[in-house]
Amino acid sequence: MPVITVNWWQGNDRKARKDLVTGITDVVTRVSGCPDEAVTVIVRDVAPGHWGTGGRLADETRPPRGRR
């Protein structure tokens with residue numbers, strides 16, 4: 001029973017989450033041979049101010065979603 005956790009930036013809508021879960025499930029079932037019902041995908045929205053890369057918080061280096 002695969003459990004996949006995805007951490008991504010806060011602000012993605014329900015359709016984007018659904019597409020992500022569907023796509024990950026499709027790949028895992030194809031590769032592992034397990035049924036869709038055995039795959040669990042957990043999506044965690046993380047605020048850019050709680051995400052750091054290269055020693056900087058993401059909200060310091062990129063404008064918030066929708067303002068790019």
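Contact is taken here to mean heavy atoms within 4.5 Å, and in this predicted model threonine 29 touches Cys34, Pro35, Asp36 and Val39 when residues up to four places away in sequence are not counted. Threonine 29 lies in helix α1 and, at 15% relative accessibility, counts as buried. The side chain of threonine 29 also reaches the backbone oxygen of aspartate 26, at 3.0 Å.

The setting of this residue is given by the chain as a whole. The protein chain has two helices and four strands, which follow the pattern β-α-β-β-β-α when read along the sequence. Of the 68 residues of the protein chain, 21% count as buried. Among contacts between residues at least 6 apart in sequence, 61% join residues at least 24 apart. The confidence of the prediction averages a pLDDT of 91 over the protein chain, and 90% of the residues score at least 70. Among the elements, helix α1 (residues 14–32) has the highest mean pLDDT, at 98, whereas helix α2 (residues 58–61) has the lowest, at 86. Where pLDDT is low, the predicted coordinates should not be read in detail.

Helix α1 was examined with respect to its length and its faces. At 1.5 Å a residue, the 19 residues of α1 should span 27 Å, and the C-alpha atoms at the two ends of the helix are 27 Å apart, in agreement with that expectation. The buried residues of α1 are Ile24, Thr25, Val28 and Thr29. Seen down the axis of α1, these buried residues fall within an arc of 125 degrees, so they line one face of the helix. What covers the buried residues of α1 includes strands β1 and β2, while Lys15, Arg30 and Val31 are exposed on the other side of the helix. Just after α1, glycine 33 takes a positive phi of about 80 degrees.

Valine 21, also placed in helix α1, is partly exposed, with a relative accessible area of 28%. Valine 21 nevertheless touches Val41 and Val43, again not counting residues up to four places away in sequence. The C-alpha atoms of valine 21 and valine 43 are separated by 8.1 Å, the two residues being 22 residues apart along the chain.

The aromatic residues were considered next, and the count comes to one aromatic pair. The rings of tryptophan 9 and tryptophan 51 have their centres 6.0 Å apart and their planes at 90 degrees, so the pair is edge-to-face, given that planes over 60 degrees apart are assigned to that class. The pair links distant parts of the chain, since tryptophan 9 belongs to strand β1 (residues 3–9) and tryptophan 51 to the loop between β2 (40–46) and β3 (52–53), with their positions 42 residues apart in the sense that they are 42 residues apart. The two partners differ in their assigned accessibility class: tryptophan 9 is buried, with a relative accessible area of 17%, whereas tryptophan 51 is partly exposed, with a relative accessible area of 27%.

Two further residues describe the surroundings of tryptophan 9. Asparagine 12 is found in the loop between β1 and α1 and counts as buried, at 14% relative accessibility. The side chain of asparagine 12 reaches the backbone oxygen of tryptophan 9 at 2.8 Å. Histidine 50, by contrast, lies in the loop between β2 and β3 and is exposed, with a relative accessible area of 68%. The C-alpha atoms of histidine 50 and tryptophan 9 are separated by 9.3 Å, although the two residues are 41 residues apart along the chain.

Helix α2, the element with the lowest mean pLDDT, contains threonine 61. Threonine 61 counts as partly exposed, at 43% relative accessibility. The C-alpha atoms of threonine 61 and proline 48, which are 13 residues apart along the chain, are separated by 9.6 Å.

Terms used:
Residues are numbered from 1 along each chain as its sequence is written. Side-chain values use heavy atoms; hydrogens and water are left out. Rings of Phe, Tyr and Trp (its six-membered ring) pair if their centres lie within 6.5 Å; planes under 30 degrees apart count as stacked, over 60 as edge-to-face and the rest as tilted. Buried means under 20% relative accessible area, exposed over 50%, partly exposed in between (1.4 Å probe, protein chains only). pLDDT is the predictor's confidence in each residue, from 0 to 100. A polar contact is a pair of N or O atoms within 3.5 Å; within protein, one must be able to donate a hydrogen and the other to accept it, and residues adjacent in sequence count only if both atoms are side-chain atoms. The expected span of a helix is 1.5 Å times one less than its number of residues. The arc is that of the directions from the helix axis to the C-beta atoms.
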